[in-house]
Each structure stands twice: as structure tokens, then as C-alpha cells.
Amino acid sequence: MIDAKEKTALATSVGADERQSFQTTSANIIPISDTEINRPDENSSENFEEIYRQMQRMNDPAYLHTVSMNDLYETVFQSRPPVIDGLLYSGTYLFAGAPKVGKSFFMAQLAYHISTGQKLWDYDVHQGTVLYLALEDDYQRLQERMSRMFGVEGTNSLHFAVYAKQLGAGLDEQLEKFIRDHPDTRLIIIDTLQKIREVSTDAYSYANDYDIVGRMKQFADKNGVCLLLVHHTRKQQAGDKFEMISGTTGLLGCADGAFLLQKEKRTDQSATLEIVGRDQPDQKLHLTRDAEKLIWQLDHAETELWKSPPDPLLDKIAAVITEDNPVWNGSATELVALLQEDIQPNILTRRLNVKAGDLLNEHGIEYAVKRTRNGSFISLTRKTV
């Protein structure tokens, strides 16, 4: 829930990227620091004294929480799997363009492909439930649009709403409940951002714009979903095209990325889609629009999409954690022997801590590590489809 208390909490600290401080632990993610490797028994007086000293340090008004480079490598952070490989990730994105340029048709296309798991052009899609808040449409128009674009083969994984409450006035609770009811939700589209903005005397200040996207980003990061906020552009040209996004730079400054859809002439059937973001390289795609179905087709990309090279270590793990042998548990030393790698056990553990997201996203193998007095205890589990 994004309530007033959480809104206040956002102002208590600042950082380059909220994701960096977002750590959650689960059965598969166990961040442990080096100081815990040889720690005394839980009930020992020495341990209680250390806890007391830590509490004293944290209560100091000048206390600043820091993480050493070693601690950073000893931590497994929650993975942010892609929604569409190389194109769209978990987080909060702006999708901007001039009025009637074709944004809503593009949103319908994204929603359909993600909800059905069908590839979008050459991009692999990870299927999940989609909520599309089409707040400038009605259900009849949506029916006509979707049937024209995709026929009448439907899916129960795509949900539409033409009315929702505003941010801070009930929208938060509505989105939270939808995710509780549909835990496989991957994408929430809000078309448009203006429809859910609170009425404020400083509605177009940098602080207000940053706060709105910041609250949506907090929600997206907390729930591990992608929030796509549809917005308009200004008529004025700018040296940086993304400066044409209506409002202040606070919108783009806080978002994880942005899409900018543009035509040279309104009557053109061609357009460019420019993409910037924290989790993907900048891209410029040239699109054409099918005059009959109104679907956007990819004509070409200006630059070939960069892909990270295969990691031999992850490939070796995938070769031994198979459907026939889906679970492995043991020490880091035992895993080194199993993989026949010339590497120190602690370095292997650190590499897997860093690559845990890639191991899960590319090979479907969940990695967990627990530090004990005797070293690292590792668990590898192949996810069932």
C-alpha cells in the first residue's frame, strides 16, 4: 500500500536508485555478512553484547548505514526478471507520445503479448497476468480495438478497467488487492498518468512529479511488477527528445526508464520508438503500422540489441541440475569438485551471489546460500514449469 506514511518515509533518505536499497529475504535469498561466519552461539553473552553494541551505533543520530565491498559480494539481491527480454523489465516506466499517435494501440499490443506469452517481434516474452487501466476508453471501444487487432481468441490473463481511484485516494488499495488476487501479475498499465494524479496546488512542480513516480516505483519494486505510465509530450522540440515529456524532469528522473513514440507526420503509418532505461541499453526502433489491424510491426532497429555472452560456469551448473536431478545441496567445496572448476570455494560463492538472477532467468535454477561456521551451504533447485 502506498499510503501517507510511506510517502513520508521516502523523504528520510536519498540515493541514486531505490532498487539498490531494496533487499528482501526468502527461502532462496539469504544475505549474510562475513561477521556471521564464525559468530558465537545465539544464546551466548558475547553475541548479546555485540547486538547491544550494534543497537547503540544505530541509535547514534549521526549513524550512516554502509555496506563494505566484501559484504556486497556476500549478498544475494532479489532478481528483477525481464518482462520482455531486452525491452521491458520490472520497475516503473513512462510511455510518452503526442495525443492520438497510437499509444493506446501499442499498450493493447503489449498487454496482449505479455498475457498470452507470445513473442513481440523478435523479443521473447515472459507470460503473466496483465492489468490494463484504460482510463480514457470505455468497454465497447476496447472490445472493438482488441477484436480488430487480435480477433476473438481471448485470454483470462488480461484484465481491463475503465475507472480507477486516484493515487492517494484508493488506487493504492485497488492495485494491492488485484495483485493479491492475481499473484502472477507482471504488468500494470495506467493509461493515462494524468487520470490518477492527485489534485495539488503544485501539481506540476519537480518535487510533485518526482514524488508521484517515486510512489509508483516503490509499489512496483515492492511487488516485483512492471508499471507502465502512459503520458503525453509537449509540442515544443528539445535537444534531448525525452525532454519533450510533459511536466518536469522529475518524472523521468525518478522512473526506471521511458519510451518515446513519435511520428514525423500525423498521417504517417511509420513511427520511431526510442527507449532509455537503467536495465537496458538505449535503443531506437523503427515501426510501421498495419493499416487493417492497426498493429505496430518492427521494421528495423538502428543498433543490434546487446546480449551478455554465455557464462560457462552457469552452463556447467545447468548441465548437472537437470529435470532428472533437479535438486542439489552441499558445501561450496563440494560444488567446486562437482563442476571440476579451478576456483576457490569462496570465490565460487561470490560469483554465484552476483549471478543468481541470471541463473534463475536464463536456466530456471534457484540458488540459495547460507553462511555457517564451517563455510557456505549451497542449495540449487530447478524450477518446475
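A polar contact is a pair of N or O atoms within 3.5 Å. Keep that cut-off in mind for Exercise 1. The model is predicted.

**Exercise 1. Place Thr185 in the fold and describe its surroundings.**

Step 1. Find the element. Thr185 lies in strand β6, which covers residues 185-191.

Step 2. Is Thr185 buried or exposed? The threshold for buried is under 20% relative accessible area. Thr185 has 6% relative accessibility, so Thr185 counts as buried.

Step 3. Look for a polar partner. The Thr185 side chain reaches the backbone oxygen of His182 at 2.6 Å.

Step 4. List the contacts, leaving out residues up to four places away in sequence. Thr185 then touches Thr129, Phe178, Ile179 and Val225.

**Exercise 2. Trace the sheet that contains β6, then add the helices.**

Step 1. Write the strand order. It reads β5-β4-β6-β7-β3-β8-β9-β10-β11. These nine strands make an open sheet with mixed pairing.

Step 2. Which strands are at the edges? They are β5 (158-161) and β11 (296-301), and each pairs on one side only.

Step 3. Add the twist. From one strand to the next, it averages 20°.

Step 4. Zoom in on one pair. Strands β3 (residues 91-97) and β7 (residues 226-232) run parallel and are joined by seven bridges. Across this pair, Ala96 stands opposite His231 in β7.

Step 5. Pack the helices. Helix α5 (residues 139-150) packs on the sheet and touches β4 (129-134) and β5. The direction of α5 makes about 145° with that of β5. Helix α6 (residues 171-181) also packs on the sheet, touching β4, β5 and β6. The direction of α6 makes about 155° with that of β4.

**Exercise 3. Do the same for Leu352, and find a residue distant in sequence.**

Step 1. Find the element. Leu352 sits in helix α11, residues 345-363.

Step 2. Why does Leu352 count as buried? Its relative accessibility is 1%, so Leu352 falls in that class.

Step 3. List the contacts, setting aside neighbours within four places in sequence. Leu352 is in contact with Leu313, Leu314, Ile317, Leu335 and Tyr367.

Step 4. Compare sequence with space. Leu352 and Val76 are 276 residues apart in sequence. Their C-alpha atoms are 8.5 Å apart.

**Exercise 4. Judge the confidence of the model.**

Step 1. Start with the whole protein. The average pLDDT is 81, and 80% of the residues score at least 70.

Step 2. Where is the pLDDT below 50? That holds over residues 3-43. Beyond near neighbours in sequence, this stretch has 60 contacts in the model.

Key
Residues are numbered from 1 along each chain as its sequence is written. Side-chain values use heavy atoms; hydrogens and water are left out. Helices (H or I, at least four residues) and strands (E, at least two) are DSSP runs, numbered from the N terminus. Buried means under 20% relative accessible area, exposed over 50%, partly exposed in between (1.4 Å probe, protein chains only). A polar contact is a pair of N or O atoms within 3.5 Å; within protein, one must be able to donate a hydrogen and the other to accept it, and residues adjacent in sequence count only if both atoms are side-chain atoms. Contact means heavy atoms within 4.5 Å. Two strands pair if DSSP finds at least two bridges between them. Axes are lines fitted to C-alpha atoms, for helices over the stretch in contact, and angles run from 0 to 180 degrees between N-to-C directions. pLDDT is the predictor's confidence in each residue, from 0 to 100.
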